[in-house]
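Visitor: I am new to this structure and would love a close look at one part of it. Could you pick a spot and walk me through what surrounds it?

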Amino acid sequence: MSSLRDRYALTGMDSAVSPRRTLRAAICCVGRGLHSGADVRLNLLPAAAGTGILFRRTDLAIDIPARFDNVVDTRLCTVIAQGFARVGTIEHLMAALAAMQIDDAIVEVDAPELPILDGSAANFLFLIESAGIAAQGGVRQTIEVLRPVRVEQNGGFAELRPHGPGGFGFHMSLAIDFPAAAIGAQALTLSLTPDSFATELAAARTFTLAGEIEALRQAGLAKGGSLDNAIVVDDAKVLNPAGLRWPDEFVRHKMLDVVGDLALAGAAISGRFIGSRTGHALNNRLLRALFADAANYRVANSLDLSPLQRSAA
Ligand SMILES: [Zn+2]
């Protein structure tokens with residue numbers, strides 16, 4: 001198995017702490033927003049150590065830090081804003097950046113929504129891997145969960161728990177349960193690494209119920225939606241001609257959303273996530289609950305302990 005160090009030719013990696021990571025080069029793509037239907041140009045740019053992930057509305061010259069406390073809407077996607085400047089559907093790109101352990105990057109868009117592309121994070125992952133990843137100055141930080149934090153809503157819940165002794169990384173367990181027969185009850189447990197994200201989550205697409213599409217359209221949403229960028233389910237039927245990418249693609253996508261939404265913590269979370277019937281609202285409330293009490297967490301330097309990095313030693 002190729003290590004992170006081999007795959008991205010990382011240099012200057014200290015044996016004790018992880019350096020911050022950014023993109024090696026700028027890269028761009030164009031696409032259409034799922035809800036707005038607007039064409040958008042996306043530029044991913046390297047950024048100085050300490051920048052974090054910063055969204056920039058180039059048409060308005062306004063920057064929006066990708067942080068949980070800038071989230072203003074979670075009804076169908078995660079929207080961040082500064083004043084009147086908004087950027088929506090950030091979660092799939094945020095998931096890819098977080099899973100690839102990118103600490104610092106600037107995300108330029110010229111419209112209020114990211115391109116939906118194929119409805120998954122696969123194209124964002126491809127862009128990041130094409131741009132390359134570079135270690136840079138500063139030490140990568142981790143938010144270590146110190147005691148359980150739980151939020152609940154509409155029969156679902158989301159919880160963060162501390163690791164047991166010697167534990168590290170981010171372990172996730174998620175269950176979903178939909179009345180539609182094509183979805184039903186699904187559950188997935190995963191330890192998040194760049195490789196597990198790339199092979200198990202990145203290509204899982206967003207989904208919607210056929211019966212809800214008309215209501216979304218009437219609400220001015222899903223204007224850019226099609227069978228090319230979302231799974232559409234009609235009870236037991238999947239309407240996409242090519243079918244599903246996995247039988248449990250739905251829970252995989254919901255876990256991808258959790259990764260993207262929790263990336264708004266501003267640094268990687270070290271701990272365990274357990275969720276059932278989660279959504280963007282619950283994911284955001286979990287971060288707000290985590291950070292509401294300083295006894296819940298500790299910000300630590302990220303140690304170079306992940307299995308991939310360790311295998312490179
Ligand atoms: Zn999603």
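**Rings and strands**

Guide: Let us begin with some rings: F68, F291 and Y297 are linked into a cluster by ring pairs. Please keep in mind that this is a predicted model. Within that cluster, F291 and Y297 form an edge-to-face aromatic pair, with 4.9 Å from centre to centre and 75° between the planes. F291 and Y297 are both buried.

Now for the part I would like to show you closely, strand β16, which covers residues 207-209. What does β16 pair with? Its partner is strand β17, residues 231-234, and the two run in the parallel sense over three bridges. Across this pairing, L209 of the chain stands opposite V233 in β17. Between the two strands you can follow helix α5, residues 210-218, and together β16, α5 and β17 make a right-handed β-α-β unit.

Next, look at T208, which is found in strand β16. Its relative accessibility is 17%, and because buried means under 20%, T208 counts as buried. Leaving aside residues up to four places away in sequence, T208 touches I213, L216, I231, V232 and V233. Of these, I213 and L216 fall in the range of helix α5, while I231, V232 and V233 fall in that of strand β17.

F207 is another residue to find here. The count of aromatic pairs comes to four. In one of them, the rings of F207 and F250 have centres 4.9 Å apart and planes at 90°; planes over 60 degrees apart count as edge-to-face, so this pair is edge-to-face. The pair links distant parts of the chain, since F207 lies in strand β16 and F250 in helix α6, residues 249-262, and the two are 43 residues apart. Are these two rings buried or exposed? F207, at 15% relative accessibility, counts as buried, and F250, at 0%, counts as buried too.

From here, follow strand β17 onward. Two bridges join β17 to strand β18, residues 237-238, and these strands run antiparallel. D234 stands opposite K237 in β18. The hairpin of β17 and β18 has two residues between the strands, and in it D235 takes a positive phi near 50°. So β17 has a parallel partner in β16 and an antiparallel partner in β18.

One last ring to visit is F157: R150 lies over its face, at 4.1 Å from the ring centre.

How values were computed: Residues are numbered from 1 along each chain as its sequence is written. This is a predicted model: local features need pLDDT of at least 70, side-chain atom pairs count only at pLDDT 80 or more; totals for chains, interfaces and linings use all residues. Side-chain values use heavy atoms; hydrogens and water are left out. Two strands pair if DSSP finds at least two bridges between them. Helices (H or I, at least four residues) and strands (E, at least two) are DSSP runs, numbered from the N terminus. A crossover is right-handed if, with the strands pointing away from the viewer, the path from the first strand over the helix to the second runs clockwise. Rings of Phe, Tyr and Trp (its six-membered ring) pair if their centres lie within 6.5 Å; planes under 30 degrees apart count as stacked, over 60 as edge-to-face and the rest as tilted. Buried means under 20% relative accessible area, exposed over 50%, partly exposed in between (1.4 Å probe, protein chains only). A charge sits over a ring if NZ of Lys or CZ of Arg is within 6 Å of the ring centre and within 35 degrees of the ring normal. Contact means heavy atoms within 4.5 Å.
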